[in-house]
Amino acid sequence: MTNRKMISAIALALSLVPAAAQAADTDNYWSANAAGCVPEDAAIQGDLYSTTSGGAVQHDSGDSGSFYVDCDVPKNSGGTNPGKLFLTYDDDSSSGFVEAQLYRMSRSTGTVTSFSTVTSTNNGGTTSESSSSFSHTFVQNTHSYFVRIQVQRTGTTPLEVFYSVALGT
Ligand SMILES: [Ca+2]
Ligand SMILES: [Ca+2]
């Protein structure tokens, strides 16, 4: 194949990418499944959590109290600032919850600041819920960004499952 033909073939291939797929790239700022996040030290040392085959994270059987996992938020290649934090969870009890908090960490001082939170409600089924709207310009060359998830239950009966977290509009 000549270079010119190859370039034409690449151009044709790019033109065949569905418009919906291109739009999705700019709409969805970032998302992570629970099992892709990093459990904090106490969760690992205490063997407090388990991952499901579907990529969700929940208490290990027989464990209660709180454990935390952190999800790193990389730079948004689309360039659109998100305005909401989304949490997908299962919460079947008033004796437990799943909560996501969005933080930024200053590169110069290491100081962390939370600027958005979404907390589960007792729906007893897989639910996606969003935070109230926030306005923030993400600047990755002065701050790093992450979401900290808290999974809490009193006793071992409540089902509190963290499925995924996302930033979007
Ligand atoms: Ca355990
Ligand atoms: Ca609850």
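Is Asp47 buried or exposed? In this predicted model, Asp47 is exposed, because 11 other C-beta atoms lie within 10 Å of its own, and a residue counts as exposed when that number is 12 or fewer. Asp47 sits in the loop that links α3 (41–45) to β3 (49–51). Its phi is near 50 degrees, a positive value in a residue other than glycine. Most residues other than glycine have a negative phi.

The protein chain as a whole contains 3 helices and 11 strands. Along the sequence, these elements follow the pattern α-α-β-β-α-β-β-β-β-β-β-β-β-β. The chain has 169 residues, of which 26% count as buried. Among contacts with a separation of 6 or more, 71% join residues that are 24 or more positions apart.

Strand β11 (160–168) pairs with several other strands. Strand β1 (residues 30–33) runs antiparallel to β11 and is joined to it by 4 bridges; here Trp30 has Leu167 as its bridge partner. Strand β4 (residues 57–59) is also antiparallel to β11, with 2 bridges, and Val57 is partnered by Phe162. Between β6 and β11, again antiparallel, there are 8 bridges, one of which is indicated by the partners Thr88 and Ser164. Of the 9 residues of β11, 8 are buried, so this strand is largely enclosed by the rest of the structure.

Strand β10 (residues 143–153) forms antiparallel pairs as well. With β5 (residues 65–73), β10 shares 9 bridges, and Asp70 has Arg148 as its bridge partner. With β7 (residues 96–106), β10 shares 11 bridges; in this case Met105 is partnered by Ser144.

These strands also contribute to the interior. The largest nonpolar core comprises 31 residues, and those with the most contacts inside it are Leu87, Ile149, Phe162 and Val165. At least two residues of this core come from each of β5, β6 (84–91), β7, β10 and β11. The largest share, 6 residues, is supplied by β11. Leaving aside residues up to four places away in sequence, Ile149 touches Cys37, Tyr68, Val69, Cys71, Val98, Ala100, Phe162 and Val165. Two of these, Phe162 and Val165, are themselves listed with Ile149 among the core residues with the most contacts. Phe162 is also the β11 residue that bridges to Val57.

Technical notes: Residues are numbered from 1 along each chain as its sequence is written. Chains are lettered from A and ligands numbered from 1 in the order in which they are written. This is a predicted model: local features need pLDDT of at least 70, side-chain atom pairs count only at pLDDT 80 or more; totals for chains, interfaces and linings use all residues. A residue is buried if 20 or more other C-beta atoms lie within 10 Å of its own, exposed if 12 or fewer, and partly exposed in between; C-beta atoms are placed from the backbone. Two residues are in contact if their C-beta atoms, placed from the backbone, lie within 7 Å. Two strands pair if DSSP finds at least two bridges between them. A nonpolar core is a set of buried Ala, Val, Leu, Ile, Met, Phe, Trp, Tyr and Cys residues joined through C-beta atoms within 7 Å.
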